[in-house]
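Hi everyone, thanks for coming. I'd like to walk you through a structure that may be new to you, so let's get it up on the screen.

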Amino acid sequence: MNRYLDVIKLLWSAAIAAELEYRANFVLATLTSLGNLAGSLFGLFLFYRTGYTFEGWQWQEALIVLGVFTLLQGFSSTFLSPNLNRIVTYVQQGTLDFVLLKPINSQFWLSTHTLSPWGVPDILFGSIIIGYAGSLLGLTLGDYLLSTIPLIFGFISLYSLWFILGATSIWFVKIYNVTEVLRGLLEAGRYPMVAYPIAYRFFFTFVVPVAFLTTVPAETMLGRVQLGWVIGAGLLALCLFAIATVFWRFALRFYTSASS
């Protein structure tokens, strides 16, 4: 474990140093995040401006969901996108050979070898929204800490889904559109699930588990989630992670190296 932590430290230090050579990009990323957040807030405001509310969700509670979604977006931009989107490039260029030859687990290296600080603004803005809405609702530190459990489960589920899609590049090199479809579906997580018709709720809960990524953590923070949903989020995360690991090992059986 210490060896893996040392590797992460070295890789992330190098990645941050390389990215910070272009510091103006951080300003642009911050402005982009602000623009996206303003658009999300405006879209949510359009629902509530006439007194309409999502069933069982006040304005401040809906803000919690939006804050969790923004956090998730920042996590994706910081850790998932810069790593997992490159799997396709490694397969195309044959440089996956060098990854497989490294004395370290290939899935671990592909998932953690770099990061992008340009997702940090979304993480900060998401935290600010959650803190602001939580102060209006009188949430305590315990409420925030309790919600980190399903939130971590959500992060693991999202990573696993993304990695599975990345692994399919062994057979289908051009999968950029598939990952964009996934990102598009995740946009549904910016609103509570009750905002959608029943058929959509079923789809975003049991087909593409968007509900476990944003709504369940928000409800846990608000102290009104049923324990079964949190347990379900944990089981889903463990199952998806296991499937991603097994699927990667299966996919490598069909990988033809650039030297063969």
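So, how many helices and how many strands are there in the protein? There are 13 helices and zero strands. One thing to say right away: this is a predicted model. If you read along the sequence, the pattern is just α, over and over: α-α-α-α-α-α-α-α-α-α-α-α-α.

Let's get a feel for the overall shape. The C-alpha atoms fill a box of roughly 65 × 40 × 35 Å along the principal axes. For 260 residues, a compact globule would have a radius of gyration near 18 Å, and the protein's value of 19 Å agrees with that. Buried residues make up 46% of the 260. As for the surface, about 13500 Å² is exposed, and carbon and sulfur atoms supply 68% of that area. And if you take contacts between residues at least 6 apart in sequence, 78% of them join residues at least 24 apart.

Now, what does the record say? The unreviewed UniProt entry annotates "transmembrane region" over residues 26–47, 59–80, 118–139, 151–173, 193–215 and 227–251. Let's hold two of those spans up against the model. Residues 59–80 are 100% helix and 0% strand, with the end C-alpha atoms 30 Å apart. Residues 118–139 come out at 82% helix and 0% strand, and there the end C-alpha atoms lie 29 Å apart.

Next, have a look at helix 13. This one has 26 residues and reaches 38 Å from its first C-alpha to its last, close to the 38 Å expected at 1.5 Å a residue. Which residues of helix 13 are buried? They are Val-230, Ala-233, Gly-234, Ala-237, Leu-240, Ala-244, Thr-245, Trp-248 and Ala-251. Keep the general geometry in mind here: an α-helix has 3.6 residues a turn, so residues three or four places apart point the same way. And what covers those buried residues of helix 13? The cover includes helix 5, helix 6, helix 8, helix 11 and helix 12.

On to salt bridges. Searching the whole structure turns up two. One of them joins the side chains of Arg-224 and Glu-61, at 3.3 Å from N to O. That pair links distant parts of the chain, 163 residues apart: Arg-224 sits in the loop between helix 12 and helix 13, and Glu-61 is in helix 3. Buried or exposed? Glu-61 is buried, at 9% relative accessible area, while Arg-224 is partly exposed at 33%.

The side chains of Glu-187 and Arg-190 also meet in a salt bridge, at 2.0 Å from N to O. Here Glu-187 is partly exposed, with a relative accessible area of 29%, and Arg-190 counts as buried at 13%.

Last stop: Thr-205, over in helix 10. Why does Thr-205 count as buried? Because its relative accessible area is 9%, and buried means under 20%. Setting aside neighbours within four places in sequence, Thr-205 is in contact with Ala-211, Phe-212 and Trp-229. You can also find Thr-215 ten residues along the chain from Thr-205, and their C-alpha atoms are separated by 10.0 Å.

That's my tour. Happy to go back to any part of it on the screen.

Note on methods. Residues are numbered from 1 along each chain as its sequence is written. This is a predicted model: local features need pLDDT of at least 70, side-chain atom pairs count only at pLDDT 80 or more; totals for chains, interfaces and linings use all residues. Side-chain values use heavy atoms; hydrogens and water are left out. A salt bridge is a side-chain nitrogen of Lys or Arg within 4 Å of a carboxyl oxygen of Asp or Glu. Helices (H or I, at least four residues) and strands (E, at least two) are DSSP runs, numbered from the N terminus. Buried means under 20% relative accessible area, exposed over 50%, partly exposed in between (1.4 Å probe, protein chains only). UniProt positions are given in the numbering used here, feature names are shortened, and annotations may be inferred rather than shown by experiment. The expected span of a helix is 1.5 Å times one less than its number of residues. Contact means heavy atoms within 4.5 Å. The radius of gyration is taken over C-alpha atoms; the globule rule is 2.2 Å times the number of residues to the power 0.38. Accessible areas come from the Shrake-Rupley method with a 1.4 Å probe; for residues, only the protein chains shown count as cover.
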